[in-house]
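The following exercises concern one protein chain. Please study its sequence and structure, attempt each task, and then compare your reasoning with the worked solution.

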Amino acid sequence: MKKVVIIGGGIIGLTLANYLDKTKFDVTVVDSLIGQATSASAGIISPWLSKRRNKKWYQLAQDGAAFFPQLVRDFALDESIYAPCGTLVVRPENALQELADLAVSRRKEAPEIGEIELLTEPQTKEALPLLKEMPSLRISGGGRLDGRAYLAHVKGVALQQQVTFIEEKAEILRKDSHWQIKAKDQLLEAEVLCLTAGPGLLDLLSPLGYHVDIRPQKGQLLSFAANLPTDNWPVAMLEGEGDLIPFSNGQILLGATHENDAGWDLTPTEAAKQQLMTGIGAFLEDPEALFATPVTMRVGTRAYTSDFAPFFGEVPDETNLFAASGLGSSGLTTGPYIGYLLANRINDGRSQPKNFLSYTKPMTEYIKKRL
């Protein structure tokens, strides 16, 4: 069997590892586990109301959201990991009708949006009792994903499929038609190499003479352990950096920040905590009651590009070298689908019916040889 090594065990890397054909490939995942964005994340799967002008990004996010029912079936995800709970969008009343019209128009191409309903102030509070009475838009097809729980689950699935895991920082070297991967005192060889290490892609490709349009972005969110019946509550997309994400068993997550100047710093900060509590607290009926419950902070490092769009595919001028990065804050929506697409590309040895360029600019826009 051919040896495939994946450097980066986040949402793309582990999804890719599971979808690779184990009758063809012996798969190893190498990851230091430091700063991993997915392991710190939880988020809303509801991209349909985005007003980003990047049509390729929207197509990727739309198809990524549509992929979740298959992901749930293939990996047996329970509702503690992913739940199609519905989404509330809280905006000024004069903006809600415009968003409702946008949702109706996009539902023609994305029926998974589901039911679209403008809620009155009392109806919003009835749907999500933490909120003040305020108007909102409800999208029944939205969902919530706990990134940390997803990774733990799919790693277990991968171990059952005899995927090997090495918890070390990696560097890569060329060796004829193969690749060598150095992970501390181990030296691995691979016929196919996949780089899914988020902002770490820069350090991996730089020794090979490549410049990569990627940089780290720190994200922090708050996790509250509340004694509340949260299991069937929808998620809420609030203005600013505020998402309110109720999970099962009283777990409520708030966040997340987008800190472009923090580099690889993974220190939880009081400033971020206060920023999130102040911003989101303005929408809560009784913020003091929630904020008095036990709270922990999750911190991770996202990768983002200069145009805030992801990329994935084969590295220019290389053979059997694939890379994917730049997911930014949409990684929970787009990451699993990118992993699936890369796996299909490697399994079949040819492009899928929907070419990667349907979703991203050419790789040469993001990965370039130094002059």
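**Exercise 1: Ala127**

Ala127 counts as buried, because its relative accessibility is 16% (buried means under 20% relative accessible area, exposed over 50%, partly exposed in between, with a 1.4 Å probe and protein chains only). The model is a predicted one, in which local features need pLDDT of at least 70, side-chain atom pairs count only at pLDDT 80 or more, and totals for chains, interfaces and linings use all residues. Residues are numbered from 1 along each chain as its sequence is written, and side-chain values use heavy atoms, with hydrogens and water left out.

Task: state in which helix Ala127 lies and which residues Ala127 touches, not counting residues up to four places away in sequence.

Solution.
- Step 1. Ala127 belongs to helix α6, which covers residues 121-127. Helices (H or I, at least four residues) and strands (E, at least two) are DSSP runs, numbered from the N terminus.
- Step 2. Not counting residues up to four places away in sequence, Ala127 touches Leu88, Leu119, Arg138, Trp233 and Pro234; contact means heavy atoms within 4.5 Å.
- Step 3. Thr230 is 103 residues from Ala127 along the chain, and their C-alpha atoms are separated by 11 Å.

**Exercise 2: Confidence**

Task: determine which element of the chain has the lowest mean pLDDT and which has the highest.

Solution.
- Step 1. The term pLDDT denotes the predictor's confidence in each residue, from 0 to 100.
- Step 2. The chain has an average pLDDT of 92, and 97% of the residues score at least 70.
- Step 3. Among the elements of the chain, the lowest mean, 68, belongs to helix α2 (residues 37-40), and the highest, 98, belongs to α4.

**Exercise 3: Helix α1 and its partners**

Task: describe how α1 packs with α4 and with α11, and decide whether the residues of α1 are buried or exposed.

Solution.
- Step 1. Helix α1 (residues 11-19) packs with helix α4 (residues 68-75) at an angle of about 60°, and their axes are 12 Å apart. Axes are lines fitted to C-alpha atoms, for helices over the stretch in contact, and angles run from 0 to 180 degrees between N-to-C directions.
- Step 2. The two helices α1 and α4 are therefore oblique to each other; angles under 35 degrees count as roughly parallel, over 145 as roughly antiparallel, 65 to 115 as roughly perpendicular and the rest as oblique.
- Step 3. The crossing of α1 with α4 is left-handed. A crossing is left-handed if the near helix is turned anticlockwise from the far one by less than a right angle, and right-handed if clockwise.
- Step 4. In this contact, Thr15, Asn18 and Tyr19 of α1 meet Gln70, Leu71, Asp74 and Phe75 of α4. The residues of the contact comprise 3 nonpolar, 3 polar and 1 charged; Ala, Val, Leu, Ile, Met, Phe, Trp, Tyr, Cys and Pro count as nonpolar, Asp, Glu, Lys and Arg as charged, and the others, Gly among them, as polar.
- Step 5. With helix α11 (residues 331-348), α1 packs at an angle of about 35°, with axes 8 Å apart, and the crossing is right-handed.
- Step 6. Ile11, Ile12, Thr15, Leu16 and Tyr19 of α1 take part in the contact with α11, where the residues met include Leu332, Pro336 and Ile346. The residues of this contact divide into 11 nonpolar, 5 polar and no charged.
- Step 7. The buried residues of α1 include Gly13, Leu14 and Ala17. Because 9 of the 9 residues of α1 are buried, α1 is largely enclosed by the rest of the structure.

**Exercise 4: Backbone features**

Task: identify the peptide bond that is cis, and state where Gln162 and Phe308 lie.

Solution.
- Step 1. Most residues other than glycine have a negative phi, and most peptide bonds are trans.
- Step 2. The peptide bond from Gly255 to Ala256 is cis, with omega near 10°. Ala256 is placed in the loop between β18 and α9 (270-281).
- Step 3. Gln162, although not a glycine, has a positive phi of about 70°. Gln162 is in the loop between α7 (147-160) and β9 (164-166) and is exposed, with a relative accessible area of 62%.
- Step 4. Phe308 has a positive phi near 60°. Phe308 is in the loop between β19 (295-304) and β20 (311-314) and is partly exposed, with a relative accessible area of 47%.
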